[in-house]
Amino acid sequence: MGELYERATLCVMVSGGGSRRGSGSGGKSGRRPTPARKPAPGKHASGKPAPRKPKAPEVAASVPPPLGPIRLGAVPGATPGKWIDIWNSRAPHAPLVLVEVAAATQHRALVEGLVDVAIVRLPITDADDLHVIPLYEELPVAVFAADSHLAAAEELDIADLEGEVVVVPADDVLRARVPGAIAPRFAAPADTAEAVAIVASGVGVTLMPLSLARANRRKDVDHRPVRDAPHSPVGLAWLRDRTTPEIEAFVGIVRGRTAHSSRS
C-alpha cells in the first residue's frame with residue numbers, strides 16, 4: 001500500500017512539472033527572446049568606441065582692417081560737410097582732416113601729398129595720373145553792388161553785362177567771356193574776396209560760381225544767375241597710384257554706398 005502511494009505521488013510531480021515548462025503549442029518555451037541592446041552613443045555594437053568625425057576647418061571671418069587718418073582737400077566754395085559727418089560716424093577712430101586748396105594748385109596738392117583726396121574744380125589739365133569722378137555742376141552768377149541796376153532782373157544773360165566793367169580775379173574759375181565788356185583800369189584782384197570788395201564799392205561786376213558768391217556774402221552786394229555763362233563742374237580726384245583703403249571708403253561715401261554695401 002505504501003509502495004503504491006509513493007508511485008502515484010511521483011507521477012503527479014512529473015506530470016505537473018511538464019505542464020509548467022510547456023507553452024501549450026509544439027512544446028516550445030514560453031520565454032520571449034531578449035532584444036538586442038543598442039550600442040551606447042559613441043560606440044559600435046561591439047562596444048568599442050566609434051571613431052570621431054573630423055571637424056570642419058574653421059573659416060576666419062573677413063574683417064576689414066581699421067581705417068587710418070585721411071586728409072581731404074576742398075576748393076573754396078565746396079561743402080563736404082555731409083560726407084565728413086558720415087565718415088565720422090563710420091570711422092570715429094580715423095580722423096579726417098579738411099584742408100582748403102586753391103583751384104590753381106589743386107593738382108599740385110595731390111601730387112605733393114598735401115592731401116590724399118580732394119574736391120576739385122574741373123577740368124584739370126594733365127590729369128592722366130588722377131582718378132576723377134564728376135560730382136555736380138555749379139550755377140554761374142554775376143555779383144555786383146546791392147544798389148546796381150542789374151538787381152532789377154531775376155536772371156541775366158551775358159548780353160546784359162555789355163558795357164559793364166567786368167572784374168576778373170586771379171583765381172577766376174569760370175573763364176567767362178563777356179563781349180562788349182569794359183576792361184578795368186586797375187590790376188586784377190588777387191582773389192575772389194578782393195573782387196567782391198571792389199564791386200561792393202560800385203565798380204563793375206564779377207562772375208563766379210554760386211557757392212563762391214555765398215561764401216563771400218556781404219550786405220552791400222547782390223547776385224543774379226547768368227543763364228548762358230559757363231557752369232563750373234566739381235569733381236573728386238586722387239592719384240591713381242595712391243589708392244588706399246581710406247580713399248576707397250571715402251569714395252564709397254561720396255557715391256552714396258551704405259556701410260554694408262559692396263563696392264559694385
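How much space lies in the second largest pocket? In this predicted model, the second largest pocket holds about 280 Å³ of space. Its lining is made up of 14 residues, and those nearest the centre are Ala103, Ala104, Gln106, Pro123 and Arg175. Sorted by character, the lining of this pocket comprises seven nonpolar, three polar and four charged residues.

With the pocket in view, the overall fold can be described. The protein contains six helices and eight strands. Followed from the N terminus, these elements appear in the order α-β-α-β-α-β-β-β-α-β-α-β-β-α. The chain has 264 residues, and 34% of them count as buried. Contacts reach far along the sequence: among those in the protein with a separation of 6 or more, 69% are between residues 24 or more positions apart. The accessible surface of the protein amounts to about 17,800 Å², and carbon and sulfur atoms contribute 55% of that area.

Helix H6, spanning residues 245–254, is a good place to look at burial. Seven of the 10 residues in H6 are buried, and the helix is mostly covered. Which residues of H6 are the buried ones? They are Glu246, Ile247, Phe250, Val251, Gly252, Ile253 and Val254. The cover over these buried residues includes several strands, among them E1, E2 (96–100), E3, E4 and E8 (232–239), and it also includes helix H2 (81–90). Just beyond the end of H6, Gly256 adopts a positive phi of about 90°.

Salt bridges form the next part of the picture, and the count for the model comes to seven. One of them joins the side chains of Arg71 and Asp116, with 2.9 Å from N to O. Arg71 belongs to strand E1 (residues 70–74), while Asp116 sits in the loop between helix H3 (106–111) and strand E3 (117–121), so this pair ties together parts that are 45 residues apart in sequence. Are the two partners buried, partly exposed or exposed? Arg71 is partly exposed, with a relative accessible area of 34%, and Asp116 is partly exposed as well, at 24%.

A second salt bridge pairs Arg121 with Glu138, and here the closest N and O atoms are 2.6 Å apart. Because Arg121 lies in strand E3 and Glu138 in strand E4 (residues 130–138), this pair ties together parts that are 17 residues apart in sequence. Both Arg121 and Glu138 are buried. Strands E3 and E4 have already been met above, since both are included in what covers the buried residues of H6.

Another salt bridge links Arg218 and Asp220, whose closest N and O atoms are 2.8 Å apart. Arg218 counts as partly exposed, with a relative accessibility of 35%. Its partner Asp220 is also partly exposed, at 30% relative accessibility. Finally, salt bridges can join up into a group: Glu155, Asp157 and Arg227 are linked in a network of them.

Notes: Residues are numbered from 1 along each chain as its sequence is written. This is a predicted model: local features need pLDDT of at least 70, side-chain atom pairs count only at pLDDT 80 or more; totals for chains, interfaces and linings use all residues. Side-chain values use heavy atoms; hydrogens and water are left out. A salt bridge is a side-chain nitrogen of Lys or Arg within 4 Å of a carboxyl oxygen of Asp or Glu. Helices (H or I, at least four residues) and strands (E, at least two) are DSSP runs, numbered from the N terminus. Buried means under 20% relative accessible area, exposed over 50%, partly exposed in between (1.4 Å probe, protein chains only). On a 1 Å grid over the protein atoms alone, a cavity is a set of points where a 1.4 Å probe fits but cannot get out, and a pocket is an open set with protein on both sides within 12 Å along at least five of seven lines; lining residues have an atom within 4 Å of a point. Grid points are joined across faces, edges and corners, and a volume is the space filled by probe spheres set on the points. Ala, Val, Leu, Ile, Met, Phe, Trp, Tyr, Cys and Pro count as nonpolar, Asp, Glu, Lys and Arg as charged, and the others, Gly among them, as polar. Contact means heavy atoms within 4.5 Å. Accessible areas come from the Shrake-Rupley method with a 1.4 Å probe; for residues, only the protein chains shown count as cover.
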